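Open your viewer and keep the selection panel handy. We will hop from one stop to the next, and at each one you will hear what to select and what is there.

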Amino acid sequence: MDAAEEASRAKSDFLTSMSHELRTPLTAIIGFSEILLGEFAGKLNEKQRQYVNYILESGSHLLSLINDILDLSKVEAGKMELKTSKVRVGEILEGSLSMIRDSCQREGISLELRALPEAADLEITADPRRLKQIMHNLLSNAVKFTPKGGSIKVEAEREGDELVISVTDTGIGIPPEEQERIFEKFHQVSDAPGTGLGLALTRKLVEMHGGRIWVESEGKGKGSRFSFTLPLKRTKDDRRG
């Protein structure tokens, strides 16, 4: 193992350890925030409700990052196995869009789903939880990097023995020199906020399903299109990371 690999593993081990320590108190913060919002401890005025919402949203975001760290560590250690079942493509896509619809409305971002019946009605063998995680990572990135008044489009189509799903946005775009490295762990596009973990995990989850993922962008300020494939016929070897 060279010095770079050793440093990367040490960083991963540290983050995994810290993530476990942070998860318990963070779960309590989220839980008590939900109790306050439910007004089980008394009525809230408008300003108090707004503040508690900020706490809940920030806590949920941090928990999502922690889960990404733990999931990525499991995949890299070969300890994650997919729990597959038959899933309808249209249901996964519609459910994924519903998770970000409120965020899009707040930011004035239009959201569109384009899936022909031949794709939407397909039943594929996949892990529904991990497939939703893939979609959530791509869609939340699109919302994060698309300015107010922009648009996000989700498309699904069948190409031979594969299903191709794409998420296109009118956001900040990705320079050509960054596109090869954007799926690497801890890599961040210049001037873009984030941890550099979400897309690395997304690629691993897609590959565990036997698929491929890539990005297309004409450059900075010209939006991005993330696409991934899922095989319509999967082998047993695809199931383990």
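Which residues are linked with Glu39 in a network of salt bridges? Select Glu39, Lys43 and Arg49: these three make up the network. A salt bridge here is a side-chain nitrogen of Lys or Arg within 4 Å of a carboxyl oxygen of Asp or Glu.

Before going further, please note that this is a predicted model, in which local features need pLDDT of at least 70 and side-chain atom pairs count only at pLDDT 80 or more, while totals for chains, interfaces and linings use all residues. Residues are numbered from 1 along each chain as its sequence is written, and side-chain values use heavy atoms, with hydrogens and water left out.

**Stop 1: charged pairs**

Stay with Glu39 and show its salt bridge to Lys43, where the closest N and O atoms are 3.5 Å apart. Lys43 is exposed because its relative accessible area is 73%, whereas Glu39, at 24%, is partly exposed. (Buried means under 20% relative accessible area, exposed over 50%, and partly exposed in between, with a 1.4 Å probe and protein chains only.)

Next, pick Glu112 and Arg114, whose side chains meet in a salt bridge at 2.6 Å, N to O. Glu112 is partly exposed at 33%, and so is Arg114 at 44%. Then try Arg181 and Glu184, a salt bridge with its closest N and O atoms 3.1 Å apart. The count for the model comes to 9 salt bridges.

**Stop 2: the open sheet**

Now colour the strands. Helices (H or I, at least four residues) and strands (E, at least two) are DSSP runs, numbered from the N terminus; two strands pair if DSSP finds at least two bridges between them. You should find an open sheet of 5 strands, ordered E2-E4-E5-E7-E6, with mixed pairing. Its edges are E2 (110-115) and E6 (213-216), each pairing on one side only.

Select E5 (residues 162-169) and E7 (residues 224-231), which pair in the antiparallel sense over 8 bridges. Within this pair, Thr168 stands opposite Arg225 in E7. Then add helix H3 (residues 89-107), which packs on the sheet and touches E2, E4 (151-159) and E5. Contact means heavy atoms within 4.5 Å. The direction of H3 makes about 175° with that of E2; axes are lines fitted to C-alpha atoms, for helices over the stretch in contact, and angles run from 0 to 180 degrees between N-to-C directions.

**Stop 3: the nonpolar cores**

Which residues have the most contacts inside the largest nonpolar core? Select Leu131, Met135, Leu163 and Phe228, in a core of 45 residues. Such a core is a set of buried Ala, Val, Leu, Ile, Met, Phe, Trp, Tyr and Cys residues joined through side-chain atoms within 4.5 Å. Helix H5 (residues 128-145) supplies its largest share, 7 residues. The core draws at least three residues from each of domain 1 (3-77) and domain 2 (85-231), with bounds from an automatic or database domain assignment. Apart from this core lies another, of 8 residues, including Leu26, Ile30, Leu56 and Ile66.

Zoom in on Leu163. Leaving aside neighbours within four places in sequence, its contacts include Val89, Ile124, Phe228 and Leu232.

**Stop 4: Lys86**

Finish at Lys86, in strand E1 (residues 85-88). Is Lys86 buried or exposed? Lys86 counts as exposed because its relative accessibility is 57%. Show Glu123, Ile124 and Thr125 as well: Lys86 touches these three, not counting residues up to four places away in sequence. The C-alpha atoms of Lys86 and Thr125 are separated by 4.7 Å, although the two residues are 39 residues apart along the chain.
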